[in-house]
Amino acid sequence: MKKIIYSFVTLSLITCACGTTTQNTVADSASEAEPQAAQTAPDTTPDIEGQWKIEQVAIGDSITLRPAEEKNGNAGITFENGRYSITTNCNSIQGEYTLNGNSIVLHAGLTTEMACDNMQLEDGLKKILPAISTIESQNDSTIRLSSKNSDYIMLSHP
């Protein structure tokens, strides 16, 4: 009778040990696969660092501004170390930005307020900047900053 009990206990221990080893092996394999998946996930954050030329500013369906078509129409934006700086043919706007994936927030900052003959671009930018919420790469040299409505700023590398 003791032999039967010892045999039963031994068989039970072997069965439990085999089941635990198999479960740990499966769990270990799954945990090893997770870091590999996390490491190979592509970074969807666009690279915006550097200087960009402002090609177009669209406000609603009725206003489209193209700085290059204006007299002395050099308008640009520089993104560097969490800060942005916009220059137009008259004034400048600067502040901080936060980028997370394709989401961007342009925080209010400093603005020069010189009186100029044509301030339409500055006025448009001041209106649209707080509403900008997404950034998308159009191609290697063009990006679009968009608001939740139809407002956007189209940028290209100079």
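Over residues 4–17 the pLDDT (the predictor's confidence in each residue, from 0 to 100) stays under 50, and the model has zero contacts beyond four places in sequence for this stretch, a contact being heavy atoms within 4.5 Å. Residues 20–31 likewise have a pLDDT below 50, with zero contacts in the model beyond near neighbours in sequence. Where pLDDT is low, the predicted coordinates should not be read in detail. For the protein, the mean pLDDT is 79, and 72% of the residues reach 70 or more.

This is a predicted model, in which local features need pLDDT of at least 70 and side-chain atom pairs count only at pLDDT 80 or more, while totals for chains, interfaces and linings use all residues. Residues are numbered from 1 along each chain as its sequence is written, and side-chain values use heavy atoms, with hydrogens and water left out.

## Overall make-up

The protein has two helices and ten strands, which are DSSP runs numbered from the N terminus (helices H or I with at least four residues, strands E with at least two). Read from the N terminus, the order of elements is α-β-β-β-β-β-β-β-α-β-β-β. Of the 158 residues in the protein, 29% are buried, where buried means under 20% relative accessible area, exposed means over 50%, and partly exposed lies in between (1.4 Å probe, protein chains only). The accessible surface comes to about 10400 Å², and 52% of this surface belongs to carbon and sulfur atoms; the areas come from the Shrake-Rupley method with a 1.4 Å probe, and for residues only the protein chains shown count as cover. Among the contacts with a separation of 6 or more, 48% are accounted for by residues 24 or more positions apart.

## Strand pairing

Two strands are taken to pair if DSSP finds at least two bridges between them. The table lists pairings in the antiparallel sense, each with one pair of bridge partners.

| Strands | Bridges | One pair of bridge partners |
|---|---|---|
| β1 and β2 | three bridges | Ala58 and Thr64 |
| β1 and β3 | four bridges | Lys53 and Gly76 |
| β1 and β10 | five bridges | Ile54 and Leu155 |
| β3 and β4 | five bridges | Glu80 and Arg83 |
| β4 and β5 | five bridges | Thr87 and Ser92 |

Strand β1 and strand β2 (residues 63–65) form a hairpin with three residues between them, and Gly60 in the turn has a positive phi of about 65°. Strand β3 (residues 76–80) pairs with β4, and these two strands form a hairpin with two residues between them. The hairpin of β4 and β5 has four residues between its strands, and β5 covers residues 92–100.

Asn81 lies in the loop between β3 and β4 and has a positive phi of about 50° although it is not a glycine. Most residues other than glycine have a negative phi. Asn81 is exposed, with a relative accessible area of 67%.

Along strand β4 (residues 83–87) the side chains alternate: Tyr84 and Ile86 point to one face and are buried, whereas Arg83, Ser85 and Thr87 point to the other face and are not buried.

## The nonpolar core

A nonpolar core is a set of buried Ala, Val, Leu, Ile, Met, Phe, Trp, Tyr and Cys residues joined through side-chain atoms within 4.5 Å. The largest such core has 25 residues, and those with the most contacts inside it are Val57, Phe79, Tyr84, Ile104, Leu125, Ile153 and Leu155. Strand β1 (residues 50–59) gives the most to this core, with four residues. Leaving aside neighbours within four places in sequence, Ile153 is in contact with Ile54, Gln56, Val57, Leu125, Ile128, Leu129, Ile132, Ile143, Arg144 and Leu145.

## Ser156 in strand β10

Ser156 is placed in strand β10 (residues 152–156) and counts as buried at 11% relative accessibility. The side chains of Ser156 and Glu55 are joined by a polar contact of 2.5 Å. A polar contact is a pair of N or O atoms within 3.5 Å; within protein, one must be able to donate a hydrogen and the other to accept it, and residues adjacent in sequence count only if both atoms are side-chain atoms. Beyond neighbours within four places in sequence, Ser156 is in contact with Trp52, Lys53, Glu55, Ser141 and Thr142.
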